[in-house]
Amino acid sequence: MSLTLDHALTSFPGWQITDMAGGWIAIRSNLVPKNSGLSNVRCGVTLEELTANLRAEMRLQKPGTPAVRK
């Protein structure tokens, strides 16, 4: 079974995921500061690649620390 957009949106609720010409893009709903070491945008050629990149991004975020610009 292939990954669906609905599943990706459910798995990464803090991100807006869009199909762009030639690939997929995810933009954080709540942007993080430039010096946070985190990304506000992640991309992938396929939806599977994008979700792998988002999983990597989530591993960079410290557990229990909200990465939200106030």
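## Starting from Phe12

Let's begin with one aromatic residue: once its neighbours within four places in sequence are set aside, Phe12 is in contact with Thr51, Leu54, Arg55 and Met58. Keep in mind that this is a predicted model. Phe12 also belongs to the largest nonpolar core, a group of 9 residues. The other members are Ala8, Trp15, Ile17, Trp24, Ala26, Leu47, Leu50 and Leu54. Strand 1, strand 2 and helix 2 are the elements that give two or more residues to this core. Which element gives the most? That would be helix 2, with 3 residues.

One of the Phe12 partners deserves its own look. Thr51 sits in helix 2, which covers residues 47-60. Apart from residues up to four places away in sequence, Thr51 touches Leu3, Ala8 and Phe12. Is Thr51 buried or exposed? Thr51 counts as buried because its relative accessible area is 3%, under the 20% limit. Its side chain is polar at one end, and a polar atom there lies 2.9 Å from the backbone oxygen of Glu48.

## The overall layout

Stepping back, the protein has 2 helices and 3 strands, and from the N terminus on these elements run α-β-β-β-α. The chain holds 70 residues, and 29% of them count as buried. The accessible surface comes to about 4900 Å², with carbon and sulfur atoms owning 58% of that area.

How much of the contact network links residues 24 or more positions apart? Taking contacts with a separation of 6 or more, such pairs account for 39%.

## The sheet

The 3 strands make an open sheet in the order 1-2-3, with antiparallel pairing. Strand 1 and strand 3 are the edge strands, and each pairs on one side only. On average, neighbouring strands of this sheet are turned by 20° against each other, ignoring direction. Helix 2 packs on the sheet and touches strand 1, strand 2 and strand 3. The direction of helix 2 makes about 145° with that of strand 3.

Now for the pairings. Strand 1 (residues 15-20) and strand 2 run antiparallel and are joined by 6 bridges. Their hairpin has 2 residues between the strands, and Gly22 takes a positive phi near 90° there. On the other pairing, strand 2 and strand 3 (residues 41-44) are also antiparallel, over 4 bridges. Ala26 stands opposite Arg42 in strand 3; Ala26 is also in the core list with Phe12.

## Strand 2, end to end

Why is strand 2 largely enclosed by the rest of the structure? Because 5 of its 6 residues are buried. Gly23 is in strand 2, and Gly23 counts as buried because its relative accessible area is 11%, again under 20%. With residues up to four places away in sequence left out, Gly23 touches Thr18, Gly44 and Val45. What separates Gly23 from Gly44, in sequence and in space? They are 21 residues apart along the chain, while their C-alpha atoms are 5.8 Å apart.

Arg28 belongs to strand 2 too, which spans residues 23-28. Despite the charged name, Arg28 is buried, with a relative accessible area of 7%. Trp15 stands opposite Arg28 in the strand pairing. The Arg28 side chain makes a polar contact of 3.0 Å with the side chain of Glu57. Skipping neighbours within four places in sequence, Arg28 is in contact with Gly14, Trp15, Leu38, Ser39, Asn40, Glu57 and Gln61. Trp15 therefore turns up on two counts, and it is a core member as well.

Methods. Residues are numbered from 1 along each chain as its sequence is written. This is a predicted model: local features need pLDDT of at least 70, side-chain atom pairs count only at pLDDT 80 or more; totals for chains, interfaces and linings use all residues. Side-chain values use heavy atoms; hydrogens and water are left out. Buried means under 20% relative accessible area, exposed over 50%, partly exposed in between (1.4 Å probe, protein chains only). A polar contact is a pair of N or O atoms within 3.5 Å; within protein, one must be able to donate a hydrogen and the other to accept it, and residues adjacent in sequence count only if both atoms are side-chain atoms. Contact means heavy atoms within 4.5 Å. Two strands pair if DSSP finds at least two bridges between them. Axes are lines fitted to C-alpha atoms, for helices over the stretch in contact, and angles run from 0 to 180 degrees between N-to-C directions. A nonpolar core is a set of buried Ala, Val, Leu, Ile, Met, Phe, Trp, Tyr and Cys residues joined through side-chain atoms within 4.5 Å. Accessible areas come from the Shrake-Rupley method with a 1.4 Å probe; for residues, only the protein chains shown count as cover.
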